[in-house]
Amino acid sequence: MRGRPQIYDNSELIQKAQEIFWKKGYTATSLNELLTITGAGSGSFYNTFKGGKKQVFKEAMSQRRQAFIDFKSELEKSESPIHLIKDFFRSIAEENEASHLKGCIIANTVVEMAYVDKDLEHEAVNILKEVEEMYTEAIRKAQENDSMKNKTDASILGKYLITFWCGLNTLRRMYPDKTTLSQQIEIQLAVLS
């Protein structure tokens with residue numbers, strides 16, 4: 001006798017869940033929506049994700065963390081990490097309107113989970129702090145080898161880039177057009193001269 005079907009590809013499920021969480025946020029995403037997009041029954045879903053919706057959300061954030069870890073690896077190998085950071089920010093202007101309206105799932109989570117779920121808020125804050133440290137280290141190295149003129153303390157500039165990132169994710173919702181975003185991005189990136 002066959003039991004309930006199993007969910008075999010967790011990464012695919014997490015990717016699908018991430019998309020809906022990214023668009024709607026954690027609170028507004030229902031379990032029924034997660035079951036619909038994954039095609040799983042509730043029993044199979046809970047057998048795979050014992051922590052339910054919250055576990056799926058944490059794993060979706062972990063996928064985003066991995067993207068930052070991959071970028072950090074690129075920065076560490078690069079002869080011009082500041083150039084890679086600038087290219088990353090410049091690429092935001094090239095994205096489509098749907099991407100602009102989603103913003104950043106991690107920054108969105110920090111805002112959404114304040115006073116709602118300290119655990120999820122803390123997880124998102126930690127990811128942003130890891131990104132901040134990644135930026136800080138790249139800036140520090142660029143200052144040490146004189147490939148960057150701005151000698152402001154690297155930790156201040158690392159925090160600046162996180163501030164810029166969070167602000168940019170609001171601005172891109174207000175002005176989801178390439179020209180406006182490109183102009184604003186270039187003004188902000190001038191600090192990395």
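Me: What order do the elements of the protein run in from the N terminus on?
Reply: Happy to start there: in this predicted model, the elements run α-α-α-α-α-α-α-α-α-α from the N terminus on. The count is ten helices and zero strands.

Me: What makes a stretch such as 10–28 count as a helix?
Reply: A helix is a DSSP run of H or I with at least four residues. Residues 10–28 are listed as helix H1, so they form such a run.

Me: Why is the set around Phe21 and Ile85 called a nonpolar core?
Reply: The term asks for buried residues of the nonpolar kinds, joined through side-chain atoms within 4.5 Å. The largest such set here has 52 residues, and Phe21, Ile85, Phe89, Ile106, Tyr135 and Ile185 have the most contacts inside it. Phe, Ile and Tyr are kinds that the term admits, so these residues fit. Among the elements giving two or more residues to this core are helix H1 (10–28), helix H5 (81–94) and helix H8 (118–144). Its largest share, ten residues, comes from H8.

Me: How do you know that Tyr135 is buried?
Reply: Tyr135 belongs to the core, and membership requires burial, so its relative accessible area must be under 20%. Across the protein, buried residues make up 41% of the 193 residues.

Me: What makes Phe71 a contact of Tyr135?
Reply: Contact requires heavy atoms within 4.5 Å. Phe71 is listed as in contact with Tyr135, so the pair meets that cut-off. Beyond its neighbours within four places in sequence, Tyr135 also touches Ile85, Phe88, Phe89, Gly158, Leu161 and Ile162.

Definitions and conventions. Residues are numbered from 1 along each chain as its sequence is written. This is a predicted model: local features need pLDDT of at least 70, side-chain atom pairs count only at pLDDT 80 or more; totals for chains, interfaces and linings use all residues. Side-chain values use heavy atoms; hydrogens and water are left out. Buried means under 20% relative accessible area, exposed over 50%, partly exposed in between (1.4 Å probe, protein chains only).
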